[in-house]
Amino acid sequence: MGVHGVKAVFFDLDNTLVDTAAAGRRAIEEVLPVGPYLFKVVSTLQSKHHYAEGQARIICDKVQAKLLKECHDPAKMCITDLRISHWEEAIQETIGGEVNRNLAAECYFLWKTTRLQHLTLAEDTRGMLTELRKGVRLLLLTNGDKQTQREKIEACACQPYFDAIVVGGEQKEEKPAPSIFHYCCDLLGVQPAECVMVGDSLDTDIQGGLNAGLKATVWLNKTMTTPVETSPVPHYIISSVLDLPAILQKMGHKMNANLGTDHMAGSNE
């Protein structure tokens, strides 16, 4: 089994196979209707629905910003407590008053449930994975808290499309550490030089693939922006994960061309 010297493809999950960022934004928007309820703790705002709605949006924006900057150490705090604290802080920063842990927890669980409902593995992506798996082994490699990532994997029902699933939060080290990539290789019984990493993060997916000595790294750059000079340089750049089969074909053509060059050089000697 193998395609053009590639025996396995590792895929990132968040914002590569599934649009986690969009699901999170939609979940935030759907939390907004509870805005008027948020401000029952502030009597002066109870009769000002339009103002409360604006404040609710500020709270949600603050939570979104906290999620983007989030650094989670599972040894110190569980992910649930951390994210409830995001809502707690955002509410207090916006409207002041007493800390309302119950209200923060209600907002968090509503957001979390809604986000999971919006996480889907698109039909065309399912089709691509099904076709790829006929020629190579597929592995899902995702960083993050084990509970959170396992919930996402379950929500988007992607398990049947992969030979193995590895969650960084369940390992000693996460991407970009070479150890987790080598662990993935061992799981599939392949060598790093036979594997391709596909992901949207230069810092974790691409740098990690380079660190581990994989055959190739493929950066999913939906906006097709030019990386800064100090960024790790991927072997290939695509704007859609659906472009991957064409990249594998391109790799095959390059390999054949190299073989032809080597053959000619050998004949000349």
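**Threonine 142, the cores and the largest pocket**

A polar contact of 2.6 Å links the side chains of threonine 142 and glutamine 149. The model is a predicted one.

Me: Is threonine 142 buried or exposed?
Reply: Threonine 142 is found in strand E2, residues 137-142. Its relative accessible area is 1%. Buried means under 20%, so at 1% threonine 142 counts as buried.

Me: Which residues does threonine 142 touch, not counting residues up to four places away in sequence?
Reply: One of them is glutamine 149, whose side chain makes the polar contact with threonine 142. The full set is Asp12, Leu13, Asp14, Gln149, Ile153, Val166, Val167, Gly168 and Lys175.

Me: Which helix gives the most to the largest nonpolar core?
Reply: That core has 34 residues, and those touching the most other members are Val9, Phe11, Leu140, Phe162, Val196 and Leu244. The helix that gives the most covers residues 244-268 and supplies 4 residues. This is helix H10.

Me: How many residues are in the second, separate core?
Reply: Ile59, Leu67, Ile84 and Ala105 are included in this second core. Its residues number 17.

Me: How much space lies in the largest pocket?
Reply: The lining of this pocket has 38 residues, and the closest to its centre are Asp14, Glu70, Arg83, Asn143 and Lys152. The space in the pocket is about 1,100 Å³.

Me: Which element gives the largest share of the lining of the largest pocket?
Reply: Elements that give two or more residues include helix H1 (20-31), helix H3 (49-68) and helix H7 (146-156). The largest share is 5 residues, and it comes from H7.

Me: How many residues of the lining of the largest pocket are charged?
Reply: The lining divides into three classes. Of its residues, 7 are nonpolar and 16 are polar. The charged residues number 15.

Me: Which residue does a cis peptide bond join to lysine 175?
Reply: Omega of this bond is about 15°. The residue lies in the loop between strand E3 (164-167) and helix H8 (178-188). It is proline 176.

Me: Is alanine 157 buried, partly exposed or exposed?
Reply: Alanine 157 is found in the loop between H7 and E3, and its phi is near 50°, a positive value in a residue other than glycine. Its relative accessibility is 34%. Buried means under 20% and exposed over 50%, so alanine 157 is partly exposed.

Methods:
Residues numbered from 1 in each chain as written. Predicted model: local features only at pLDDT ≥ 70, side-chain atom pairs only at ≥ 80, totals over all residues. Heavy atoms only, no water. Buried < 20%, exposed > 50% of the residue type's maximum accessible area, 1.4 Å probe, protein only. Polar contact = N/O pair within 3.5 Å; in protein donor to acceptor, adjacent residues only side chain to side chain. Contact = heavy atoms within 4.5 Å. Core = buried A, V, L, I, M, F, W, Y, C linked by side-chain atoms within 4.5 Å. 1 Å grid on protein atoms, 1.4 Å probe; cavity = no way out; pocket = protein on both sides within 12 Å on 5 of 7 lines; lining within 4 Å. Points joined across faces, edges and corners; volume = space filled by probe spheres on them. Nonpolar A, V, L, I, M, F, W, Y, C, P; charged D, E, K, R; others polar.
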